[in-house]
Amino acid sequence: MTAPIEGREARKKTQPPYLFPGYVSTQKRAPLKPLILLPENSSSLFRPVFGHDSVHPTDADLTRQHAGEPLGERIIVSGKVVDDDGHPVRGALIELWQANAAGRYHHHLDTHAAPLDPNFTGCGRLLTDAQGVYSFVSIKPGAYPWRNHENAWRPAHIHFSLFGAGILSRLVTQMYFPGDPLFARDPIFKSIPDEAARTRLVSTFDWQTTKPEFALGYRFDIVLRGPKSTPMETDHP
Amino acid sequence: MKLIATASQTVGPFFSIGLAHLHQDSTKTNSADAQTITGIVVDGDGQPIPDCVLEFWTASSFARVPTSVNGKYSVNVESGTAMCEVLLFMRGLLRPVYTRVYLSEAAKARDEVTSKLVPRDRAGTLIAQSGSAAKQLVWNVNMRGDDETVFFDY
């Protein structure tokens, strides 16, 4: 019987590498030398607690931050954040950013010739509840071009940043939308070797959270690495 | 059996939209209790990286700072801090790099874990150097190449 592959070896398949030549920017920024493996218990278990003064209810509704409503397809994104033992991560700060419905970021360096929306900044924040559950309202972001390769377009996505039990649990990722035809040509998405791990970044349409006459629901569950998630690795499984 | 952690993806170039609310307030610089670390983050060609965000973690504190157009950052940490764990995020990194900065040679030497694991000829990349003023330290990060900063797997 083969022991399940866990820890560092498993992460080589389920997490992207540093160097992925198809994503051109990695070629000058990815470390070249071998990483030095630290014993896991040598890392900080400090968990920064945010939110009491920096998260407001309107931060979880990206459609209510301006005088008018943004253009686009209104969505409700919800899910559960758990650690790798399956325990809910409570009170976790989630930071969000995204392009508007036209595929343009509210950022001075985004030069895509698509309109800005005066009613959409694309910035959100919220905390998970006692069950690790989160929910926010936004509009579906548009796809946008980038200069990585000929006719390169990013699939629509929302950036997520999360804090868990310590520095090892820190996660920044992107949530995608089901059925996007751009997946097959997107090196950022394809950088994750394992197909199942890639697929878990794709939200699912959720009839349960879809609100009549209001918005489509999408579900996106997240697993954060725990503070001591790597079993002792041994050469003799 | 552990659940598989959600895969990382790059922060991309526009992270400040979502992350700036926790950027350290630069107007609170140089308080009597703070030490300032400044430096530049460069790529494999030695070119400054203007779209990087660094997070400095200690056993009791957290500070987040972006690099400027010339690749430079400045962060204040509590006086007396021996070491910060550092995560760097940027376009072109599909997952963050994890490193450490020791605020003195002595602090590095006291850390048995790192002393044993890091080759002697690369250990200097983890040590902040004295700057031009008191309580000013300099620590540069080299992402790739001969003088590459030591990055850790964990």
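This passage walks through a predicted model of two protein chains, A and B.

Chain A comes first. Its secondary structure adds up to four helices and twelve strands. The radius of gyration is 19 Å, close to the 18 Å that the globule rule gives for 237 residues, so chain A is as compact as a globular protein of that length. Laid out along its principal axes, the C-alpha trace of chain A spans about 60 × 45 × 35 Å. Of the 237 residues, 52% count as buried. The accessible surface of chain A is about 11600 Å², and carbon and sulfur atoms hold 57% of that. Chain A also carries 26 positive and 25 negative side chains, with the centres of the two sets 5 Å apart. As for how the chain folds back on itself, take the contacts in chain A with a separation of 6 or more: 71% of them link residues 24 or more positions apart.

Chain B gets the same treatment. Three helices and ten strands make up its elements, and read from the N terminus on, the order is α-β-β-β-β-β-β-α-α-β-β-β-β. In other words, a helix opens the series, six strands follow, then come two helices and a final run of four strands. A compact globule of 154 residues would have a radius of gyration near 15 Å, and chain B agrees with its 15 Å. The C-alpha trace of chain B covers about 40 × 40 × 35 Å along the principal axes. Buried residues account for 55% of the 154 in chain B. About 6400 Å² of chain B is accessible surface, with 50% of it belonging to carbon and sulfur atoms. The 14 positive and 16 negative charges of chain B have mean positions that sit 3 Å apart. Among contacts in chain B between residues at least 6 apart in sequence, 60% bring together residues at least 24 apart.

Next up is the place where the chains meet. On the chain A side 77 residues take part in contacts, and on the chain B side 62 do. The size of an interface is often given as the accessible area lost when the parts come together. Between chain A and chain B, the buried area is about 6300 Å², and carbon and sulfur atoms give 61% of it. Three residues stand out here: A:Tyr18, A:Arg29 and A:Ile36 supply 14% of the area that chain A buries against chain B, more than any other three residues.

One of those three, A:Arg29, turns up again in the surroundings of B:Met90. B:Met90 is part of strand β5 (residues 83-90) of chain B, and with a relative accessible area of 0% B:Met90 is buried. Setting aside neighbours within four places in sequence, B:Met90 is in contact with A:Arg29 from the other chain, and with B:Thr10, B:Val11, B:Val41, B:Ile49, B:Asp51, B:Cys52 and B:Met143. B:Ile49 is 41 residues from B:Met90 in sequence, yet their C-alpha atoms are 8.5 Å apart in space.

A:His106 also has a partner across the interface. It sits in the loop between β3 (93-98) and β4 (123-127) of chain A and is partly exposed, at 42% relative accessible area. Not counting residues up to four places away in sequence, A:His106 touches A:Leu116, A:Phe120, A:Thr121 and B:Ile17. A:Ala184, 78 residues from A:His106 along the chain, has its C-alpha atom 27 Å from that of A:His106.

For a buried spot in chain A, there is A:Ser78, in strand β2 (residues 74-83). Its relative accessible area is 7%, so A:Ser78 counts as buried. Beyond residues up to four places away in sequence, A:Ser78 touches A:Tyr134, A:Ser135, A:Thr209, A:Tyr218, A:Arg219 and A:Phe220.

Lastly, a look at the backbone. Most residues other than glycine have a negative phi. A:Asn151 is not a glycine, but has a positive phi of about 55°. A:Asn151 belongs to the loop between β6 (144-146) and β7 (152-154) of chain A, and is exposed with a relative accessible area of 61%. A:Glu213 is not a glycine either, and has a positive phi of about 60°. The loop between β10 (204-205) and β11 (216-219) of chain A holds A:Glu213, which is exposed at 82% relative accessible area.

Note on methods
Residues are numbered from 1 along each chain as its sequence is written. Chains are lettered from A and ligands numbered from 1 in the order in which they are written. This is a predicted model: local features need pLDDT of at least 70, side-chain atom pairs count only at pLDDT 80 or more; totals for chains, interfaces and linings use all residues. Side-chain values use heavy atoms; hydrogens and water are left out. The radius of gyration is taken over C-alpha atoms; the globule rule is 2.2 Å times the number of residues to the power 0.38. Buried means under 20% relative accessible area, exposed over 50%, partly exposed in between (1.4 Å probe, protein chains only). Contact means heavy atoms within 4.5 Å. Accessible areas come from the Shrake-Rupley method with a 1.4 Å probe; for residues, only the protein chains shown count as cover. Lys and Arg count as positive and Asp and Glu as negative; His and the chain ends are not counted. The place of a charge is taken as NZ of Lys, CZ of Arg, CG of Asp or CD of Glu. Buried area is the accessible area (1.4 Å probe) that two parts lose on being put together, summed over both.
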